[in-house]
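Open your viewer, switch to a cartoon view and keep the selection box handy. We'll go from stop to stop, picking one thing at a time.

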Amino acid sequence: MTPETPATLPDDATLTREGRTVPARAGRVLLIACGALAREILDLKAANGWEHLELHCLPAILHNHPDRIPEAVREAVARHGNGFARICVVYADCGTGGHLAAVCEELGVEMVAGPHCYSFFEGNRAFATRAETEFTAFYLTDFLVRQFDAFVWEPLGLDRHPELRDSYFGHYEKLVYQAQTDDPALTDRARDCAVRLGLPFERRLTGYGDLEGTLAHWARQG
């Protein structure tokens, strides 16, 4: 059976609006993840031979509606979880105010530690040490750079009213691009995002951060 790789994924626009259904073949561990993490998860799965992990992605645009994430996870567990020995949720709290953790505890499934993906990509411990001095940073990941218009520019109406930019971003002091991959073209796109927002630019090559260790732990347990 051909291993899954990012090349087998839907395009970013589909991952944003629709997510990705779990493949017909059932593995031992079901990962219910944010669509914004799909490529990173499949990169790690392919690199480590974790063929017993199967990936189902919820629409990444839930990133902009965190109140909807807990029930979306609950529904995905009910709809897709049958036949799997274990189910793991590849979300951190992500703005749910603890509600996702409560749902996961109720359902008996594990989730990623941390407040959000920016934290676990940086490494939760490292991110926490910066928290007091970097609360005015605006963060982007690889996926969010590629989908900047869909997640930032258009939802805020800046495509129609660019004059509102400073009202939204005047209190930020810089844009931090947390790069999962060392891609010069993507870095250029991230720098352009900073220019569009009128913010100084900083790039950090975080790689996969704590996500890699978390998936490795689940893969061993699976």
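In which hand does α3 pass α4? The crossing is right-handed, where the near helix is turned clockwise from the far one by less than a right angle (anticlockwise would make it left-handed). Before going further, note that this is a predicted model, in which local features need pLDDT of at least 70, side-chain atom pairs count only at pLDDT 80 or more, and totals for chains, interfaces and linings use all residues. Residues are numbered from 1 along each chain as its sequence is written, and side-chain values use heavy atoms, with hydrogens and water left out.

**Stop 1: α3 and α4**

Select residues 69-80 for helix α3 and 99-107 for helix α4. Helices here are DSSP runs of H or I with at least four residues, strands are runs of E with at least two, and both are numbered from the N terminus. The two axes come within 8 Å and cross at roughly 25°; axes are lines fitted to C-alpha atoms, for helices over the stretch in contact, and angles run from 0 to 180 degrees between N-to-C directions. That makes α3 roughly parallel to α4, a label for angles under 35 degrees (over 145 is roughly antiparallel, 65 to 115 roughly perpendicular, and the rest oblique).

Now show side chains. From α3, Ile 69, Pro 70, Val 73, Arg 74 and Val 77 meet His 99, Leu 100, Val 103, Glu 106 and Leu 107 of α4. Contact means heavy atoms within 4.5 Å. By class, there are 7 nonpolar, 1 polar and 2 charged residues in this contact. In this scheme Ala, Val, Leu, Ile, Met, Phe, Trp, Tyr, Cys and Pro are nonpolar, Asp, Glu, Lys and Arg are charged, and the others, Gly among them, are polar.

While you're here, click Ala 78, also in helix α3. Is Ala 78 buried or exposed? Ala 78 is exposed, with a relative accessible area of 58%; exposed means over 50%, buried under 20%, and partly exposed in between (1.4 Å probe, protein chains only). Draw a distance from its C-alpha to that of Leu 107, and you should get 9.6 Å, for residues 29 apart along the chain.

**Stop 2: the sheet of 4 strands**

Next, pick out the open, parallel sheet with the order β2-β1-β3-β4. Two strands pair if DSSP finds at least two bridges between them. At the edges sit β2 (53-58) and β4 (110-111), each pairing on one side only.

Select 29-34 to light up β1, which is joined by 5 bridges to the parallel strand β3 (residues 86-90). Ala 33 stands opposite Val 90 of β3. Toward β2, β1 also runs parallel, with 6 bridges, and Val 29 stands opposite Leu 53. Try a surface view too: 6 of the 6 residues of β1 are buried, so this strand is largely enclosed by the rest of the structure.

**Stop 3: α2 and α11**

Select 38-48 for helix α2; its buried residues are Ala 38, Glu 40, Ile 41, Leu 42, Leu 44 and Lys 45. Just after this helix, Gly 49 takes a positive phi of about 70°.

Add residues 210-221, helix α11, which packs with α2 at an angle of about 55°, the axes being 11 Å apart. The two helices are therefore oblique to each other. Glu 40, Ile 41 and Leu 44 in α2 meet Leu 211, Glu 212 and Leu 215 in α11. That contact divides into 4 nonpolar, no polar and 2 charged residues.

**Stop 4: the sheet of 3 strands**

Move on to the other open sheet, β5-β6-β7, also paired in parallel. β5 (137-141) and β7 (201-205) are at its edges with a single partner strand each, so one side of each is left without a neighbour in the sheet. Neighbouring strands are turned by 25° against each other on average, direction ignored.

Select 174-179 for β6, tied to β7 by 5 bridges; Leu 175 has Phe 201 as its bridge partner there. Helix α10 (residues 184-197) packs on the sheet, touching β5, β6 and β7, and its direction makes about 160° with that of β6.

Last click: Thr 187, in helix α10. At 9% relative accessibility, Thr 187 counts as buried. Which residues does Thr 187 contact, leaving aside its neighbours within four places in sequence? Look for Tyr 177, Phe 201 and Arg 203.
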